[in-house]
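Student: Could you take me through one part of this model closely? I would like to hear about the nonpolar core and the sheet around that topic.

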Amino acid sequence: MSTARRKSPSFREQADRLTLIDRWRHFVLDQPVLVHPGETIWREDDHLLVERLGGRVDAYRGVMNRCGCRERAQ
C-alpha cells in the first residue's frame, strides 16, 4: 500500500504577531488575510496557504509580482 506524500513547500514562515497582510514577499493577494501568531504561511502556485492553529489549511488566491509594484500585478 502506498501513501501519497505532499510536496514540501520551499519556504514557510510562522507569524509572530496578529497581522493583516495583502502581500507576502513578491506575492500579491486578491484580498487581505488575517494571520494570527503561531500560524504558518507559505505559497504554492497561485495561492497563499495559511495553516491555522487548529490544523486547518486555508488557501487565498493571488499573483506573483516580481517588479515590486502592485499596479502592474492587477
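Tutor: Happy to. A nonpolar core here is a set of buried Ala, Val, Leu, Ile, Met, Phe, Trp, Tyr and Cys residues joined through side-chain atoms within 4.5 Å, and buried means under 20% relative accessible area. Keep in mind that this is a predicted model. The largest nonpolar core has eleven residues: Ala15, Ile21, Trp24, Phe27, Leu29, Val33, Val35, Ile41, Leu48, Val50 and Tyr60. Two or more of these residues come from each of S2, strand S3 (27-35) and strand S5 (47-51), and S3 gives the most, with four residues.

Let's pick out one core member, Leu48. Leaving aside residues up to four places away in sequence, leucine 48 touches Ile21, Trp24, Phe27, Leu29, Ile41, Trp42, Arg43, Asp58, Ala59 and Tyr60.

Now for the sheet. Six strands form an open sheet, in the order S1-S4-S5-S6-S3-S2, with antiparallel pairing. Strand S1 (13-14) and S2 stand at the edges with a single partner strand each, so one side of each has no neighbour in the sheet. At the S1 edge, S1 pairs with strand S4 (residues 40-44) in the antiparallel sense over two bridges, and glutamine 14 stands opposite threonine 40 in S4.

At the other edge, S2 covers residues 19-24 and holds leucine 20. Leucine 20 is exposed, because its relative accessible area is 60% and exposed means over 50%. Leu20 also joins Leu18 and Leu34 in a nonpolar surface patch, and together the three have about 310 Å² of accessible area.

Technical notes. Residues are numbered from 1 along each chain as its sequence is written. This is a predicted model: local features need pLDDT of at least 70, side-chain atom pairs count only at pLDDT 80 or more; totals for chains, interfaces and linings use all residues. Side-chain values use heavy atoms; hydrogens and water are left out. Patches are made of residues with over 30% relative accessible area and no salt bridge: like charges are joined within 9 Å, nonpolar side chains (Val, Leu, Ile, Met, Phe, Trp, Tyr) within 5 Å. Accessible areas come from the Shrake-Rupley method with a 1.4 Å probe; for residues, only the protein chains shown count as cover. A salt bridge is a side-chain nitrogen of Lys or Arg within 4 Å of a carboxyl oxygen of Asp or Glu. Buried means under 20% relative accessible area, exposed over 50%, partly exposed in between (1.4 Å probe, protein chains only). Contact means heavy atoms within 4.5 Å. Two strands pair if DSSP finds at least two bridges between them.
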